[in-house]
Structures are given as C-alpha cells and as structure tokens.
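Q: I'd like to learn how to read a fold from its strands, core and charged pairs. Can you walk me through it?

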Amino acid sequence: MKSKLWVEHHSLPKFSRERVVRFIGGSGKIKQYKPTAGSWSYTVEMDMGTPPDMGRIGFETTVLLDEADIQGVE
C-alpha cells in the first residue's frame with residue numbers, strides 16, 4: 001500500500017499493461033511501466049509488420065517512452 005505522501009506527489013499511470021497505444025513512429029502494446037520524475041515511463045512492444053522471408057524469432061522492437069509521448073487507441 002502506498003503512503004498518502006507518495007500518492008500526493010505521484011499521479012497514477014494513464015495507460016495499463018496490454019493496452020494498445022500509438023506514438024510517433026508506430027503503435028504497440030504496453031508491457032511494463034514505472035514511475036519517473038513526476039511522470040511514468042512505459043515499455044512498449046511495437047506492432048510486428050509483414051514477416052520477412054527468413055522468418056521471425058521475436059518482437060522486432062521494444063521502445064521505452066515517456067507518458068507524454070503516447071496516445072491511447074480506443
């Protein structure tokens with residue numbers, strides 16, 4: 001449980017895990033988030049494009065974004 005002082009100085013995250021979001025450069029799904037100086041940082045797995053001829057091992061790109069750089073997708 002967070003203390004009252006912590007809650008007063010930290011907002012709740014705007015986006016939840018597994019939420020699909022968009023941002024400059026693409027779109028993806030929130031995998032993790034953590035508080036940073038007065039905001040939240042999110043780990044986002046970008047949507048996978050067309051598979052290359054050689055196949056795919058895992059996600060193409062995971063990016064770390066600040067909350068201000070993300071827009072929700074309804």
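Q: How many bridges join β3 to β4, and do they run parallel or antiparallel?
A: Strands of a sheet pair through backbone hydrogen bonds, either parallel or antiparallel. Here β3 and β4 run antiparallel, with five bridges joining them. As one spot to look at, Thr43 stands opposite Leu64 in β4. On the terms: helices (H or I, at least four residues) and strands (E, at least two) are DSSP runs numbered from the N terminus, and two strands pair if DSSP finds at least two bridges between them.
A: Before we go on, this is a predicted model, where local features need pLDDT of at least 70, side-chain atom pairs count only at pLDDT 80 or more, and totals for chains, interfaces and linings use all residues. Residues are numbered from 1 along each chain as its sequence is written, and side-chain values use heavy atoms, with hydrogens and water left out.

Q: What is the order of the strands in the open sheet?
A: Go across the five strands and you get β4-β3-β2-β1-β5, with antiparallel pairing. The edges are β4 and β5 (70-72), each of which pairs on one side only. On average, neighbouring strands are turned by 45° against each other, direction ignored; the axes are lines fitted to C-alpha atoms (for helices over the stretch in contact), and angles run from 0 to 180 degrees between N-to-C directions.

Q: Over how many bridges do β1 and β5 pair?
A: Three, in the antiparallel sense. Look for Phe23, which stands opposite Ile70 in β5.

Q: Which residues of β4 are on the covered face, and which on the uncovered one?
A: In a regular strand the side chains alternate between the two faces of the sheet. In β4, Val63 and Leu65 make up the covered face, while Thr62, Leu64 and Asp66 are on the uncovered one.

Q: Which residues make up the largest nonpolar core?
A: A nonpolar core is a set of buried Ala, Val, Leu, Ile, Met, Phe, Trp, Tyr and Cys residues joined through side-chain atoms within 4.5 Å. Buried means under 20% relative accessible area, exposed over 50%, and partly exposed in between (1.4 Å probe, protein chains only). The largest core here has eleven residues: Phe15, Val21, Phe23, Ile30, Trp40, Tyr42, Val44, Met46, Val63, Leu65 and Ile70. At least two of them come from each of β1 (20-23), β3 (39-46) and β4 (62-66), and β3 gives the most, with four residues.

Q: How many salt bridges are there?
A: The rule is a side-chain nitrogen of Lys or Arg within 4 Å of a carboxyl oxygen of Asp or Glu. That gives three salt bridges. In one of them, Glu18 meets Lys29, with the closest N and O atoms 3.8 Å apart. Glu18 lies in the loop between α1 (4-9) and β1 and Lys29 in strand β2 (residues 26-36), so the pair ties together parts eleven residues apart in sequence.

Q: Which other side chain meets Glu18 in a salt bridge?
A: Lys31 does, at 2.9 Å from N to O. This pair links strand β2 to the loop between α1 and β1, 13 residues apart. Lys31 also meets Glu45 in a salt bridge (3.9 Å, N to O), which links strands β2 and β3 across 14 residues. Through shared partners, Glu18, Lys29, Lys31 and Glu45 join into one network.

Q: Is Glu45 buried or exposed?
A: Glu45 counts as buried, at 16% relative accessibility. Glu18 is partly exposed at 43%, as are Lys29 at 32% and Lys31 at 26%.
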